[in-house]
Amino acid sequence: MGTPAIEILGLTKDYPVGFWRKRMVRSLDNLTLEVEEGEVFGFLGPNGAGKTTTMKLLMGLIYPTSGTARIRGRAIDDIQMHREIGYLPEQPYFYDYLTARELLDYYARFSDYSAAERHERVERFLERVGLAEAGDVQLRKFSKGMLQRAGIAQAILHDPHVVFLDEPMSGLDPIGRREVRDIIHELKQKGRTVFFSTHILTDAEMLCDRVAVLAGGKLQGVGAPNEIVSIEVHAMEILFEARDGRSLPAGIAGRATQIGGRIRVEVPESELYRALDELRSCEARILSVTPVRPTLEDYFLLLVGREKAISHAVEVNPR
Amino acid sequence: MNVTPAAVAINTFREAVRDRVLYNLVFFALLMIGAAIFVGQISIGIERLVIINLGLTAISIFGLVMAVFIGVGLVYKEMEKRTLYSLLAKPVRRWEFLVGKYTGLLLTLCVNTAFMTLGLAAALFYVGRPFVRSDASILVAVYFILLELALVTALALFFSCFSSPMLSTLFTLGIYVTGVFAKDIRDVGELTNVSAMKTLTSVVYYLVPNFHNFNAIATAGHGNSVPFSLIWQNTAYAVLYAGVVLLAASAVFSGRNLK
């Protein structure tokens, strides 16, 4: 196996707090993690879990209390490492007196491109993130979603090998989120490594080869998303429309709820096929069958509250 | 060639020229120079002296206001608004960022000072006075103002690396005022005959930048020439002092955790 794209070794960050700044609060506790080249890696955790702290440590924006990290074999304090990475900060804010075109041109100047190459890239990436028409609008007039797109464009403008995205879907409408997912897919197809933090479990499920779950500054587990999520499926939701004049089977009628003209019923996973057979027998029109999972928020609450139990359940590759 | 500081400098310059506050300041400076014409007209016999004195003073004061108020926000604003995050994730060293910010503001100050100097030249031209060889001292006085602003900007940038704009303004202006009166402070110390006071005022004299030496307004007003030795001494002094302050700023900023 080659050099990992990201190698984090015992990274710890303490912050001083209080008036005299003598009390220390641990924001990240001995994080050890490896991300392979070409992986899309999700970094999950509730607010205050230490996700952004980790990203900032890797970007050299803050310094670790202890531990170290390497990106493509280069130490994080090596300036050359920054040529190989792209970074979208959480809730990005850019120079609002610049237009999107000027902003990308500014960032492209740090990548040794000729003026013609710079121009070509700026136009290509404005187009890629759907900002071609707003390219000459000052960023102060941009919506949150547009800023996020500009942020993504600057992160991938120089074709980095490892892309760090801190909450990339934040502030985006469904179309924008889909576009970001497409970009992440594209990066993966090009063999790039993507490390992104998110609160949105479905995004992690759809995109990630592996995810890490962080809570209270500690790594709770690393594994494929389905390994973490599948254990949480505790029911199946069936949405259907009943045939006029046909009564529902007793086993279903008892737990059905009417939503407009549709009926929703939750059954245990083991009873799904029997329930579907019963509905078919009474000629109901099945609209959807969806696994019922707790929301990520529920999951995080559980994590924080019952750290040990959950860490046992999700720890796929204990480190 | 390292293009990073240049790119940051151009962006800083662009920020400044797109700020309306800057234009207001330049407008008021030109207004003051214009007012000098009026004051000059009622100052019988010393019209030239009044216009040059008031004009150069306006250039100095408004330059100082710009250097301090833009300078104290140079780094702080980037940290506060988190625009630094995406920039420092690029191959940009922190000292390169600082040098770029410093150079960008200096460029802004040079352009503004050039505009204001043109305003002063226009005022002198308006009162119908032909330009003579000794007017070169006006340009020297403007050059000294720029050196002074280079120092003030370095100080403002230094404080901007670790304190809020309000505190940075107080610190910078405090050092500026102390620097203007550095020689007087030392003289007061000499007069006290208290050795501790003598030592303290001497330390202050050598520590703070001696801004008094950069004031050639009166010399220019009277049409006297400025000795060449003073020009190069002031240049060397400003370059060295600003260099040391920038090094200190770089050391402080490089060790900072960005919140």
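Here are some short exercises on a predicted two-chain model, each with a worked solution.

Residues are numbered from 1 along each chain as its sequence is written, and chains are lettered from A and ligands numbered from 1 in the order in which they are written. Because the model is predicted, local features need pLDDT of at least 70 and side-chain atom pairs count only at pLDDT 80 or more, while totals for chains, interfaces and linings use all residues.

**Exercise 1. The sheet of chain A**

Work out the strand order of the six-stranded open sheet in chain A, and find which strands stand at its edges.

*Solution.*
- Step 1: Take strands as DSSP runs of E of at least two residues and helices as runs of H or I of at least four, numbered from the N terminus. Two strands pair if DSSP finds at least two bridges between them.
- Step 2: Following the pairs gives the order β6-β7-β8-β3-β9-β10 in chain A, with mixed pairing.
- Step 3: β6 and β10 of chain A each have a single partner strand, so they are the edges and one side of each lacks a neighbour in the sheet.
- Step 4: From one strand to the next, the twist averages 15 degrees. For such angles, axes are lines fitted to C-alpha atoms (for helices over the stretch in contact), and values run from 0 to 180 degrees between N-to-C directions.
- Step 5: Now add the helices, counting a contact when two C-beta atoms, placed from the backbone, lie within 7 Å. Helix α1 (residues 51-59) of chain A packs on the sheet and touches β3, β6, β7, β8 and β9 of chain A, at about 145 degrees to the direction of β7(A). Helix α5(A) also packs on the sheet, touching β3, β7 and β8 of chain A, and its direction makes about 150 degrees with that of β8(A).

**Exercise 2. Strand β7 of chain A**

Describe how β7(A) is paired on its two sides, and decide whether its faces are covered or open.

*Solution.*
- Step 1: On one side, β6(A) pairs with β7(A) in the parallel sense over four bridges. One of the bridge pairs is A:Ile85 with A:Val162.
- Step 2: β7(A) is also joined to β8 (residues 193-198) of chain A, again parallel, by five bridges. Here A:Val163 has A:Val194 as its partner, and A:Leu165 stands opposite A:Phe196.
- Step 3: Call a residue buried if 20 or more other C-beta atoms lie within 10 Å of its own, exposed if 12 or fewer, and partly exposed in between, with C-beta atoms placed from the backbone. By that test five of the five residues of β7(A) are buried.
- Step 4: In a regular strand the side chains alternate between the two faces of the sheet. A:Val162, A:Phe164 and A:Asp166 lie on one side and A:Val163 and A:Leu165 on the other, so with all of them buried both faces are covered.

**Exercise 3. Two positive phi angles**

Compare the settings of A:Arg21 and A:Glu167: which is buried and which is exposed?

*Solution.*
- Step 1: A:Arg21 is not a glycine, yet its phi is about 55 degrees. Phi of A:Glu167 is near 50 degrees, also positive.
- Step 2: A:Arg21 sits in the loop between β1 (6-17) and β2 (23-35) of chain A, and A:Glu167 in the loop between β7 (162-166) and α5 (174-189).
- Step 3: A:Arg21 is exposed because 9 other C-beta atoms lie within 10 Å. A:Glu167 has 22 and is therefore buried.

**Exercise 4. Chain B and the interface**

Characterise the fold of chain B, then the side of chain A that touches it.

*Solution.*
- Step 1: Chain B has twelve helices and zero strands.
- Step 2: Its radius of gyration, taken over C-alpha atoms, is 20 Å, close to the 18 Å of the globule rule (2.2 Å times the number of residues to the power 0.38), so chain B is as compact as a globular protein of 259 residues.
- Step 3: Buried residues make up 44% of chain B.
- Step 4: The mean pLDDT (the predictor's confidence in each residue, from 0 to 100) of chain B is 90. The model scores ipTM 0.87 and pTM 0.84.
- Step 5: At the interface, 22 residues of chain A contact 19 residues of chain B. β6 (85-88), α2 (100-108) and α4 (144-156) of chain A each supply at least two residues of the chain A side.
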